[in-house]
Amino acid sequence: MTGQKRAVILLSGGLDSATMVAMAQAQGYLCYTMSFDYGQRHRAELDAAVRVARDLSVVEHKVIGLNLNGIGGSALTDSSIEVPEAPSEGIPLTYVPARNTVFLSLALGWAEVLNARDIFIGVNALDYNGYPDCRPEYVESFERMANLATKAGVEGQGFRIQAPLQNMTKADIVRAGVGLGVDYALTVSCYQADDAGRACGKCDACRLRAEGFQTAGITDPTRYF
């Protein structure tokens, strides 16, 4: 593995991030994956991330504990806020304040320790245009900050924040993953999946996933409760 390029990849356990790991591997990266136990109600995604990491034979998988439910403000971390089951206008209730900024900051720290120059995040501007921290401008701004705020950046060994799914449709992502051998039966996308990883079939994440598979003409292996 000496001399081979390394990447830190944010792996949620969902369809998008699993596809992204396979993409990075296809580009020749040694993949180090990172998930977060941040107080999310859909904790089954953490088990899914472990399964995906194992199936794709990543070099190392970390689960970092956080307490974003301590500040609440999101249907994903605050049990008093219902997960919406119909499309809505504006920023969705499932937006988690500062989540991607916190996640990328910790990934940046690990990347610097590993001497990895690339960090992958599975944001998608087409399917998730209601989330401010999924926009291309956000990714570009974080990359600039990363290279100002780190020893590696100051010494000229800059970081790249890669968002390969940014302008892909969900169907495009599904097709790409199938082509790379991703086992989507291992993944969990639902915002309110039960402990067994079964999906509700009603939330935005379920709807977008189902539409993506349908448009791609590929059977979705999701299990529903």
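**Exercise 1. The lining of the largest cavity**

Task: In this predicted model, find which helices and strands each supply at least two residues of the lining of the largest cavity.

Solution:
- Start with the helices. Helix 1 (15-26), helix 2 (44-55), helix 3 (99-114) and helix 7 (204-216) each supply at least two lining residues.
- Add the strand. Strand 2 (30-37) also supplies at least two.
- Turn to the residues. The lining has 34 of them. Ser 12, Asp 16, Glu 45, Arg 99 and Gly 122 lie nearest the centre of the cavity.
- Sort the lining by class. It has 17 nonpolar, eleven polar and six charged residues.
- Now the space. The largest cavity holds about 680 Å³. The count of cavities of 30 Å³ or more comes to one.

**Exercise 2. The sheet**

Task: Give the strand order of the open sheet, and explain why one side of strand 3 and of strand 5 is left without a neighbour.

Solution:
- Read the order. The five strands run 3-2-1-4-5, with parallel pairing.
- Look at the edges. Strand 3 (60-65) and strand 5 (160-162) each have a single partner strand, so one side of each has no neighbour in the sheet.
- Add the twist. From one strand to the next, the average is 25°.
- Take one pair. Strand 1 (residues 6-10) and strand 4 (residues 118-120) pair in the parallel sense over three bridges. Val 8 stands opposite Ile 119 in strand 4.
- Place a helix. Helix 1 packs on the sheet and touches strand 1, strand 2 and strand 4. The direction of helix 1 makes about 170° with that of strand 1.

**Exercise 3. A binding site and the cavity**

Task: UniProt (unreviewed entry) places a "binding site" at positions including Leu 11, Gly 13 and Val 21. Find which residues of this set belong to the lining of the largest cavity.

Solution:
- List the set. The record gives Leu 11, Ser 12, Gly 13, Gly 14, Leu 15, Asp 16, Ser 17, Ala 18, Thr 19, Met 20 and Val 21.
- Check the lining. It takes in Leu 11, Ser 12, Gly 14, Leu 15, Asp 16 and Ser 17 from this set.
- Locate one member of the set. Ala 18 is in helix 1.

**Exercise 4. Four cysteines**

Task: Decide whether the cysteines of another UniProt "binding site" (unreviewed entry) are scattered or gather at one spot.

Solution:
- Name them. The record lists Cys 190, Cys 200, Cys 203 and Cys 206.
- Compare sequence and space. They span 17 residues, yet no two of their C-alpha atoms are more than 7.2 Å apart, so they gather at one spot.
- Place one. Cys 190 is in the loop between helix 6 (170-179) and helix 7.

Conventions: Residues are numbered from 1 along each chain as its sequence is written. This is a predicted model: local features need pLDDT of at least 70, side-chain atom pairs count only at pLDDT 80 or more; totals for chains, interfaces and linings use all residues. Side-chain values use heavy atoms; hydrogens and water are left out. On a 1 Å grid over the protein atoms alone, a cavity is a set of points where a 1.4 Å probe fits but cannot get out, and a pocket is an open set with protein on both sides within 12 Å along at least five of seven lines; lining residues have an atom within 4 Å of a point. Grid points are joined across faces, edges and corners, and a volume is the space filled by probe spheres set on the points. Helices (H or I, at least four residues) and strands (E, at least two) are DSSP runs, numbered from the N terminus. Ala, Val, Leu, Ile, Met, Phe, Trp, Tyr, Cys and Pro count as nonpolar, Asp, Glu, Lys and Arg as charged, and the others, Gly among them, as polar. Two strands pair if DSSP finds at least two bridges between them. Axes are lines fitted to C-alpha atoms, for helices over the stretch in contact, and angles run from 0 to 180 degrees between N-to-C directions. Contact means heavy atoms within 4.5 Å. UniProt positions are given in the numbering used here, feature names are shortened, and annotations may be inferred rather than shown by experiment.
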